[in-house]
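Biologist: Before we discuss this model, could you put the sequence and the coordinates up for both of us? I would then like to go through the side-chain pairs, the cysteines, the backbone and the packing, in that order.

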Amino acid sequence: MLLNALIQPLTDGMFKGIYHGKQCHVADIAAVLSRAWSAGVDRIIVTGGSLEESKEALAIAETDGRLFCTVGVHPTRCREFEDSGDPDKHFLDLMSLAKEGVTKGKVVAIGECGLDYDRLHFCPSEIQKKYFEKQFELAYAMKLPMFLHMRAAAEDFCDILGRNMDRFGGGVTHSFTGSAEDRDKLLSFSNLYIGVNGCSLKTAENIEVVKGIPLEKLMIETDSPYCEIKNTHAGINFVKSLWPSKKKEKYEQECIVKGRNEPCLVRQVLEVVAGCKGVGDIEQLSKTVYHNTCRVFFPQDLDSAADALLSGSHDAT
C-alpha cells in the first residue's frame, strides 16, 4: 500500500519530546519515521508555517530522500511580515529559501498559507488576506503548487483564489472541515484538491461532507502531531490499523504516544474514508489518492510508479 502523508511540521516540539514547554521524553523523529515507512508511507511533505519553521522543515527534509517540504507562512502567523520591520525583505527571504529548496529538490509547494477566521486573535483578517495574496507571487515565481489552509473563511478564500488562478498550477486545501457548500465552492476550481484528516472526520455531518468529495479530487493526510482520529469520532468503527500506545510520561520507543498523531496513522484516515464512502477495494483507493498527490506535488513521477500501479489495477478488473 503506497501512501503520501501531508503533515504538520516534524519541527513541532512534540517530536522533540516537549509538551507545553516540558521535556517528557527523548526526541524520537527517527522512530516516528520508521513507523511511517513500515506502514506503507512512501513520502512525507513537512509543512512550513513561518519563515523560521520553513528553514527547519527544509533542514529536516534534507536528512532523508523520502522527505520533502513546503515554504510559506500560515495565516495565523502572518503578523511576522509586519513584525519583521521590513515586510518586503521578509518576503524576499521566503523567496530565497524557496529557491534554495527547489534547487535541492526538496521544496514541492508554497504554504501553508490561506485564511483562518476561527483564530483572528492571532492575526486580524486584513493582514491574513494581504499576505495570503502575496504568497501567490511565490508560487508563480517558483512554478510551484499551493498547500492551503481555510477555516471559516470560504467566501474570502475563494475570492482570493479566483483572482490568482493564473498564478499557480494546482494545490490542496488541507485539513478540510467546512460545510457541503464550502466543499462545492472548492470543487469548482479545476486544479484544486481537498485534503482530509482526523479533524475532517469528527462528526456525522463531517462524514456526509467527505462522502461528496470525488475520489479524483481527494487527498489524505494526518496533520500530525494534531488531528488524530479519536474514539469519539463518527468514523472510528471503520479503523482497523492499530499501534500500541503509551502516555508521554511512560514513553517507549516502539509505541506511539497517546494523544500525539503521527504519519503512520494516515492508514486510519484511509480506512475511515473507504468505510464512509463504501469503497471495498482499499488498495485501489490508496493508489488513487497517491496518484492525486503525485499529480500535484510530484508530477515527474506520474510516468512511472503511480501510473503503472493504476494501469495494472485497471487491467485486473
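Modeller: Let me begin with a charged pair in this predicted model: the side chains of Lys246 and Glu252 meet in a salt bridge, at 3.7 Å from N to O.

Biologist: Are Lys246 and Glu252 buried, partly exposed or exposed?

Modeller: The class follows from the relative accessible area, where the middle range runs between the 20% and 50% limits. Lys246 has a relative accessibility of 32%, and Glu252 likewise has 32%. Because these values fall in the middle range, Lys246 counts as partly exposed, and Glu252 also counts as partly exposed.

Biologist: Which residues are joined into one network by salt bridges that share partners, and how many salt bridges does a search of the whole structure find?

Modeller: The network is built from salt bridges with shared partners, and its members are Asp28, Arg35, Arg260 and Glu262. For the whole structure, the number of salt bridges found by the search is 22.

Biologist: Where do Glu137 and Lys134 lie, and how many residues apart are they?

Modeller: Glu137 forms a salt bridge with Lys134, with 3.3 Å between the closest N and O atoms. Glu137 counts as partly exposed at 29% relative accessibility, and Lys134 is partly exposed as well, at 24%. Both residues belong to helix α5 (residues 125-142), where about one turn of the helix separates them, a spacing of 3 residues.

Biologist: What is the relative accessible area of Asp116, the salt-bridge partner of Arg119?

Modeller: The side chains of Arg119 and Asp116 meet in a salt bridge at 2.8 Å, N to O. Arg119 is partly exposed, with a relative accessible area of 33%, whereas Asp116 is buried, and its relative accessible area is 0%.

Biologist: Turning to the cysteines, which two form a disulfide, and how many residues apart are they?

Modeller: The structure holds 1 disulfide, formed by Cys199 and Cys227, whose sulfur atoms are 2.2 Å apart. This pair links distant parts of the chain, with Cys199 in the loop between β9 (192-196) and α8 (204-211) and Cys227 in the loop between β10 and β11. Both Cys199 and Cys227 are buried. The cysteines that form the disulfide are therefore Cys199 and Cys227, within the 2.5 Å limit, and their separation along the chain is 28 residues.

Biologist: Is the link of Cys199 and Cys227 left-handed or right-handed?

Modeller: The handedness is given together with the angle about the S-S bond, which is -90° for Cys199 and Cys227. With that angle, the link is left-handed.

Biologist: Why is Cys78 in no disulfide, and which cysteine sulfur is the nearest?

Modeller: A disulfide requires cysteine sulfur atoms within 2.5 Å. The nearest cysteine sulfur to Cys78 is 5.3 Å away, so Cys78 is in no disulfide by that limit. Cys78 counts as buried, at 1% relative accessibility. The nearest sulfur belongs to Cys123.

Biologist: On the backbone, which residue follows Ser224 across a cis peptide bond?

Modeller: The peptide bond that leaves Ser224 is cis, with omega near 15°. The residue that follows has its place in the loop between β10 (218-220) and β11 (245-246), and that residue is Pro225.

Biologist: Which residue follows Gly111 across a cis peptide bond?

Modeller: This bond also has omega near 15°. The residue after Gly111 is found in strand β6 (residues 107-116), and its name is Glu112.

Biologist: Is Asp223, which has a positive phi, buried or exposed?

Modeller: Asp223 is not a glycine, yet its phi is positive, about 60°, and its place is in the loop between β10 and β11. Because the relative accessibility of Asp223 is 8%, this residue counts as buried.

Biologist: Is Ala152 buried or exposed?

Modeller: Ala152 lies in the loop between β7 (146-151) and α6 (154-163), and although Ala152 is not a glycine, its phi is positive, about 55°. With 57% relative accessibility, Ala152 counts as exposed.

Biologist: Finally, which residues touch the most other members of the largest nonpolar core?

Modeller: The largest nonpolar core has 75 residues. Beyond its neighbours within four places in sequence, Val196 is in contact with residues including Val210, Leu218, Val269 and Val273. The residues that touch the most other members of this core are Phe157, Val196 and Ile220.

Methods: Residues numbered from 1 in each chain as written. Predicted model: local features only at pLDDT ≥ 70, side-chain atom pairs only at ≥ 80, totals over all residues. Heavy atoms only, no water. Helix = DSSP H or I, 4+ residues; strand = E, 2+ residues; numbered from the N terminus. Buried < 20%, exposed > 50% of the residue type's maximum accessible area, 1.4 Å probe, protein only. Salt bridge = Lys/Arg side-chain N within 4 Å of Asp/Glu carboxyl O. Core = buried A, V, L, I, M, F, W, Y, C linked by side-chain atoms within 4.5 Å. Contact = heavy atoms within 4.5 Å.
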